[in-house]
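This report describes the surroundings of a bound ligand and the packing of several helices. The structure is shown below.

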Amino acid sequence: MVIKPKVRGFICTNAHPVGCAASVQQQLDYVKQQGNLGDGPKNVLVLGCSTGYGLSSRIVSAFGYGAKTLGVCFEKAPTERKTGTAGWYNTAAFHQQANDAGLYAKTLNGDAFSNELKQQVIDELKANVGKVDLIVYSLASPRRTDPATGEVFKSTLKPVGAPYKTKNYDTDKDLVHEVELEAASEEEINNTIKVMGGEDWELWLSALNDADLLADGCKTAAYTYIGKELTWPIYGKATIGKAKEDLDRAASAINSAYANKQVKAYVTSLKAVVTQASSAIPVMPLYISLMYQVMKADGSHEGCIEQILGLFTKKLTVDSPETDDQARLRLDGVETNDETQAKIKSLWDQVTQENFHELSDYAGYHHDFLQLFGFDVPGVDYDQDVEIVVDWS
Ligand code: NAD
């Protein structure tokens, strides 16, 4: 099949298997170029392993440290007529590379929030991996079924307290316009905490501990975005930010509960990047396009793989890493420092429909967006007929 991107709003409804494999290869090459990274985790569980920050975490674990990686994701398999999701193809490509390198890799595709999936992970660890020394929590999901009650909770992306009027860029209509986002209700805030807060992270640690699968000194990192004033009204201090605050509570609960095993739980703040999760958040395409413009000009631009390599080499593999005053690991300083933010703010204040493409790096944003789905990847021939049914076992 010859596959061209089918973009609908903030999502692309198909994916290119060869492009996804080339994109995984780019990240892998980057990690291999770093040479020997020294000692690191050996048995790694990555929750949300197929795209974005989780995929990069898996690549750094496996190809930077030679770790066994067990991944969990929620992706759609291809059929003869319809492509699989990008995360499916990324995972297939990762498995191929891991097999070629003689590295153990297994991926369980299903609902990470469920008891059944947790049990499958436990069975697999017991059979083929052993105790884990690193657990990466990188799920981004719009809904969660509570495993105890079966109730389905949906997250919302809304301001908290008062409605918020802001500039936005509509990627479909190529339009810079004002949007007014209504404030979330108390129920919407609580539901978002239920989906993206720390409860499920704690349940994972508890299940693994009960099964005696936490290695002494095991580390666990849950990813967050804190950002600054420009994004606070829709992220940091909005419904999703409230959920992310709950990660701080969960980290300290995990640290106390498993102190006897010296388990260390870290909320880890990463910079904004283009992923399927972030492109769905209002304001983010505009903010990231302006941020790209500034950070590329300053030579400080980083994507998922650079951030995650920094996380592993500067934080997760050192004793007593530097944290902020809330014991969080911070990799986002490249973006949130005052100088960078002032430059982004200056562009933000100037940007209009007329000058948007001049002031921003939307071209860079759009390229990264397409690449998430395996399109616009250098070196890939998109006129070529490709096999879309690809498996990873
Ligand atoms: P993403 O959409 O690229 O990845 C989400 C992952 O979660 C995928 O592997 C997906 O398959 C998996 N997933 C979703 N629902 C699942 C379920 N029910 N069961 C199993 N797997 C499921 O997202 P991302 O942007 O890489 O986000 C990962 C984490 O990083 C999130 O916590 C996010 O808040 C955080 N973060 C993102 C950014 C950013 O700019 N993208 C910045 C800082 C922090």
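## Terms and model

A crossing of two helices is called right-handed if the near helix is turned clockwise from the far one by less than a right angle, and left-handed if the turn is anticlockwise. The model discussed here is a predicted one.

## Ligand contacts

The ligand is surrounded by 30 residues, of which Ser-50, Glu-75, Ala-112, Lys-244 and Thr-275 come nearest. Two of these residues place polar side-chain atoms beside ligand oxygen atoms: for Ser-50 the separation is 2.6 Å, and for Glu-75 the separation is 2.8 Å. Asp-111 faces a nitrogen atom of the ligand instead, with an N or O atom of the Asp-111 side chain 3.0 Å from that nitrogen. The ligand taken alone would expose 840 Å², and the protein buries 94% of that area.

## Composition of the shell

Which elements of secondary structure each supply at least two residues of the shell around the ligand? They are helix H2 (52-65), strand S11 (214-224) and helix H8 (276-279). Helix H8 gives the most, with three residues.

By residue class, the shell comprises 15 nonpolar, 11 polar and four charged residues.

## Helix packing around H2

Helix H2, which supplies at least two residues of the ligand shell, also packs against other helices. The axes of H1 (residues 17-33) and H2 come within 10 Å and cross at roughly 45°. H1 is therefore oblique to H2, since an angle counts as roughly parallel under 35 degrees and as roughly perpendicular from 65 to 115. H1 passes H2 in a right-handed crossing.

H2 also packs with helix H10 (residues 304-316), at an angle of about 55° and with the two axes 9 Å apart. At this angle H2 and H10 are therefore oblique to each other. The crossing in which H2 passes H10 is right-handed.

## The H6 and H7 pair

How are the axes of helix H6 and helix H7 arranged? The axes of H6 (residues 199-210) and H7 (residues 239-257) come within 9 Å and cross at roughly 20°. H6 and H7 are therefore roughly parallel to each other, because angles under 35 degrees fall in that class. Their crossing is right-handed.

How values were computed. Residues are numbered from 1 along each chain as its sequence is written. This is a predicted model: local features need pLDDT of at least 70, side-chain atom pairs count only at pLDDT 80 or more; totals for chains, interfaces and linings use all residues. Side-chain values use heavy atoms; hydrogens and water are left out. A residue is near a molecule or strand if one of its heavy atoms lies within 4 Å of it. A polar contact is a pair of N or O atoms within 3.5 Å; within protein, one must be able to donate a hydrogen and the other to accept it, and residues adjacent in sequence count only if both atoms are side-chain atoms. Accessible areas come from the Shrake-Rupley method with a 1.4 Å probe; for residues, only the protein chains shown count as cover. Helices (H or I, at least four residues) and strands (E, at least two) are DSSP runs, numbered from the N terminus. Ala, Val, Leu, Ile, Met, Phe, Trp, Tyr, Cys and Pro count as nonpolar, Asp, Glu, Lys and Arg as charged, and the others, Gly among them, as polar. Axes are lines fitted to C-alpha atoms, for helices over the stretch in contact, and angles run from 0 to 180 degrees between N-to-C directions. Angles under 35 degrees count as roughly parallel, over 145 as roughly antiparallel, 65 to 115 as roughly perpendicular and the rest as oblique.
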